[in-house]
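Please examine the sequence and the three-dimensional structure shown below before reading on.

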Amino acid sequence: MGCSAIIPAYNEAKTIAPVVKTTRNHALVDEVIVVCDGCQDQTAILAEQAGAKVIELPYNQGKGAALLVGARAALHSVLLFLDADLIGLRDEHITNLLNPILNGQAEMTVGIFSGGRLTTDLAQKITPSLSGQRALLRDLITPYDELASTRYGVEVFINSLAREKGWKVLEVELFDLTHRMKEEKFGLVKGMQARMKMYWEIAKSLTGW
Ligand SMILES: O=c1ccn([C@@H]2O[C@H](COP(=O)(O)OP(=O)(O)O)[C@@H](O)[C@H]2O)c(=O)[nH]1
Ligand SMILES: O=C(O)[C@@H](COP(=O)(O)O)O[C@H]1O[C@H](CO)[C@@H](O)[C@H](O)[C@H]1O
C-alpha cells in the first residue's frame, strides 16, 4: 500500500519547508500534497521548493475542505494527515502513525504530542481526539462531501464516522513534537479570538449543525 501525505496549510510560511522535507524524505511516503487554503504568504512556493505537489485553493475554505481536496487528489490508498505548523517533526513520528495502518492493525491512527511543550502536550491530553496528526485509509473518507464545510470540525466529523462505522482506531505517541499555537501566530488577542472561532466550529460539528 502506498502513502500520500496531505498537509493543509493556511499561511504557514514559517514552518512549511521543514515539515515537507521530513515527510518527503520518509521511506514510507510516496507523495506529499500541500493544499494551500487561500494562502496570502509564501507557503505555496516554499512547499514546492521543499518537494511537495501543491494545490492552491482560490480562497480560504477551511481545514476540512483542504483535507478533502487533498484526499481526493491523492494517488495512494493510505493517507497521512499532518499540520503545516509542526515543530520538531522527525521520521519516527511518521513511522509511528503509518505502521499500524500498513500492518493492518488499525483503520486510523491519531498522534498525541508528548514531551514537546507543556501547553501543547496538555491540550492534547485533555482532547486527544482533536489531533490533526493522523493516518487512515483514503477510501474511508473520500465519499463524504460534508467534510468540505466542517472547517476545524473536521477531526470531530472523522471521529464520528469512525465510531459509526466501527473503525479500529489506535492512539500513538509523538515524542518531542509540538506546533505553533494560535497566540504565537497572531498575538494574544487575535490568537484567542481565532481559538474561540475554532471551538465554535468544533461545537457545530459535535452537534451536527
Ligand atoms: O482555514 C484553515 C485553517 C487552518 N488550516 C491548516 O490546518 C492545520 C491546523 O490548523 P491550526 O494550526 O490553525 O490549528 P491548531 O493546531 O492551532 O488548532 C494547519 O496546517 C493550518 O495551516 C487550513 O488549511 N485552513
Ligand atoms: O489541541 C487543540 O485544542 C487545538 C488547539 O491547539 P493550540 O491550542 O493552538 O495548540 O488543536 C487541534 O485541534 C484542531 C481542531 O480539531 C485541529 O484541526 C488541529 O490540528 C489540532 O492541533
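The following paragraphs treat confidence, overall build, ligand surroundings and two backbone details.

This is a predicted model, in which local features need a pLDDT of at least 70 and side-chain atom pairs count only at pLDDT 80 or more, while totals for chains, interfaces and linings use all residues. Residues are numbered from 1 along each chain as its sequence is written, and chains are lettered from A and ligands numbered from 1 in the order in which they are written. The pLDDT, the predictor's confidence in each residue on a scale from 0 to 100, averages 95 over the protein chain, and 100% of the residues score at least 70. For the complex, the predictor gives an ipTM of 0.95 and a pTM of 0.97.

The protein chain contains 8 helices and 9 strands; these are DSSP runs numbered from the N terminus, helices being H or I with at least four residues and strands E with at least two. The radius of gyration of the chain is 16 Å, close to the 17 Å from the globule rule for 209 residues, so the chain is as compact as a globular protein of that length. This radius is taken over C-alpha atoms, and the rule is 2.2 Å times the number of residues to the power 0.38. Of the 209 residues, 42% count as buried (20 or more other C-beta atoms within 10 Å of the residue's own; exposed means 12 or fewer, partly exposed in between, with C-beta atoms placed from the backbone).

Which residues come nearest to ligand 1? They are P8, Y10, D37, D83 and A84, out of 17 around this ligand; a residue is near if its C-beta atom, placed from the backbone, lies within 6 Å. Elements β1 (3-9) and α3 (63-73) each give two or more residues to this shell. Around ligand 2 there are 15 residues, with A123, L130, G132, E155 and M181 the closest. Helix α5 (residues 118-126) provides the largest share of that shell, 3 residues.

Two residues have a positive phi although neither is a glycine: N11, at about 55°, and D176, at about 60°. N11 lies in the loop between β1 and α1 (16-24), and counts as partly exposed because it has 18 C-beta neighbours inside 10 Å. D176 belongs to the loop between β8 (169-175) and β9 (178-179); with 15 other C-beta atoms within 10 Å, D176 is also partly exposed.
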